[in-house]
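Thank you all for coming. I would like to walk you through one structure this morning, beginning with a single residue and working outwards from there.

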Amino acid sequence: MLKNAWLIMAHTNLNQLKKLLKLLDNTDSDIYIHIDRKSSVDIADLKTQYSKLYVFKEYSVYWGEYSQISVELLLLKAAVKKGNYNYIHLISGMDLPLMSIKKMNEFLERGGDRNYVHFVPEHKRDIAYDWIKYYYYFNHMEKSKFKIVRKVYPYYEKILVKIQLFLGINRLKNESFILAKGAQWFSINQQLAEYIISKEKWIEKHFKHCKFADELFLQTVIWNSPYRNTLYREDWDDDYRSCLRYIDWNRGRPYIFKVSDKKELDSVDGFLFARKFDEKVDGEIIDYLVRKYI
C-alpha cells in the first residue's frame, strides 16, 4: 500500500469537508488541512478515525494573491517534515475522489513514480508574462463583494502598470527561466516536494505581488528543473489528465457537479479527483460518491 499525504485547502462547507475526510481516512494516509483564517469553520469539528490529522489556520487566503502559495508551501513543508510519502496530493475542500483509495494506489503504482501536474498551452500562458513582469497589489479586489470596488480595481491596476512602465520596471529583466502555467492541484512524490520547498526563496522573489501566481509557480519551478523529465505528461495541452483532476470549464467557472451528472462521473477514467462540488448547490451527488467510495 502506498503512503499518501492529502493536503487540503478549505474555507467553507463544514459538513462537506467532513465527508471528504471520511473518504480519505485510512491507516496509510495522513491529512493536512489549512482552513482560511477568515472562515467560520471550527477546526475542533474536524476529526479522523485512522489517519493522522494536522489542521492549520495560519493565513487569510485571497483569490489571485500570494497567500495561496503561502498555504501550499506551509502544507508541503508540514508533510515533508512529518513523513516519507510516496505521494503528496493537493486538493481543495470542494473536491471529491472518483475512485477508492485502493484503486488510487493501484493507478499510481502503475505510473511508476511519475509526477502529475497540469500545463496550459503556450498561447494561454503568454498573457502571464505581464502578470509576473510587474508588481500587483490587492488582486482580491477584482472579486470583492462590493460592486464599487470591483468597478474601480481595473482602473487602479492600469494606472499601477503605467507607472511601472514609465519607471522602467521589469521583473523579468535579466531572467532566463521559462514561465509555465497550469492548475494549482497536483499529485507529486516526496522528492519533488522537497525540491519545491528548497526553492521557497526563489519562489517568493519571483512570484510575490504577481497576479494569479498560484497558477504559475509550481509549473515554472518544475519545468526549469531536472524533475521535468519525471512528469506523467510533458504536454502543454490543457489536458487535466496530466494532474488526474476531472474539471469542466465549459459549463462553469468551474462547473459544479450535480446528481444529474452521476453517469458522467461514473464513466470517466484516469482521474483521481473531480472538482468541484458544493453542498449548497447539490448535496445529493456528494452523498452518492461517499456511499460509493467509502
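Let me begin with S29, which lies in strand β2; strands here are DSSP runs of E with at least two residues, helices are runs of H or I with at least four, and both are numbered from the N terminus. Before going further, I should say that this is a predicted model, in which local features need pLDDT of at least 70 and side-chain atom pairs count only at pLDDT 80 or more, while totals for chains, interfaces and linings use all residues. Residues are numbered from 1 along each chain as its sequence is written, and side-chain values use heavy atoms, with hydrogens and water left out.

Is S29 buried or exposed? At 1% relative accessibility it counts as buried, where buried means under 20% relative accessible area, exposed means over 50%, and partly exposed is in between, with a 1.4 Å probe and protein chains only. The side chain of S29 is joined to that of N26 by a polar contact of 2.8 Å, a polar contact being a pair of N or O atoms within 3.5 Å, of which, within protein, one must be able to donate a hydrogen and the other to accept it, and where residues adjacent in sequence count only if both atoms are side-chain atoms. If we leave aside neighbours within four places in sequence, S29 is in contact with N4, W6, L24, S51 and K52, contact meaning heavy atoms within 4.5 Å.

From that residue we can move to its sheet, which is open, has 5 strands in the order β3-β2-β1-β4-β6, and is mixed in its pairing; two strands pair if DSSP finds at least two bridges between them. At the edges stand β3 (52-56) and β6 (186-188), each with a single partner strand, so one side of each has no neighbour in the sheet. Strand β2, residues 29-35, pairs with β3 in the parallel sense over 5 bridges, and I33 stands opposite V55 in β3. Packed on this sheet is α2, which touches β1 (4-10), β2, β3, β4 (87-92) and β6, and whose direction makes about 155 degrees with that of β1; axes are lines fitted to C-alpha atoms, for helices over the stretch in contact, and angles run from 0 to 180 degrees between N-to-C directions.

Strand β1 deserves a closer look. It pairs with β2 in the parallel sense over 7 bridges, with W6 opposite I31 in β2. In a regular strand, side chains alternate between the two faces of the sheet. Both faces of β1 are covered, since N4, W6, I8 and A10 on one side and A5, L7 and M9 on the other are all buried; because 7 of the 7 residues of β1 are buried, the strand is largely enclosed by the rest of the structure.

One of those residues, I8, leads us to the largest nonpolar core, which has 92 residues, and in which I8, I196 and F207 have the most contacts; such a core is a set of buried Ala, Val, Leu, Ile, Met, Phe, Trp, Tyr and Cys residues joined through side-chain atoms within 4.5 Å.

Finally, there is an open sheet of 3 strands in the order β5-β8-β7, also with mixed pairing. Here β5 and β8 (residues 273-275) pair in the antiparallel sense over 3 bridges, and L96 stands opposite A274 in β8.
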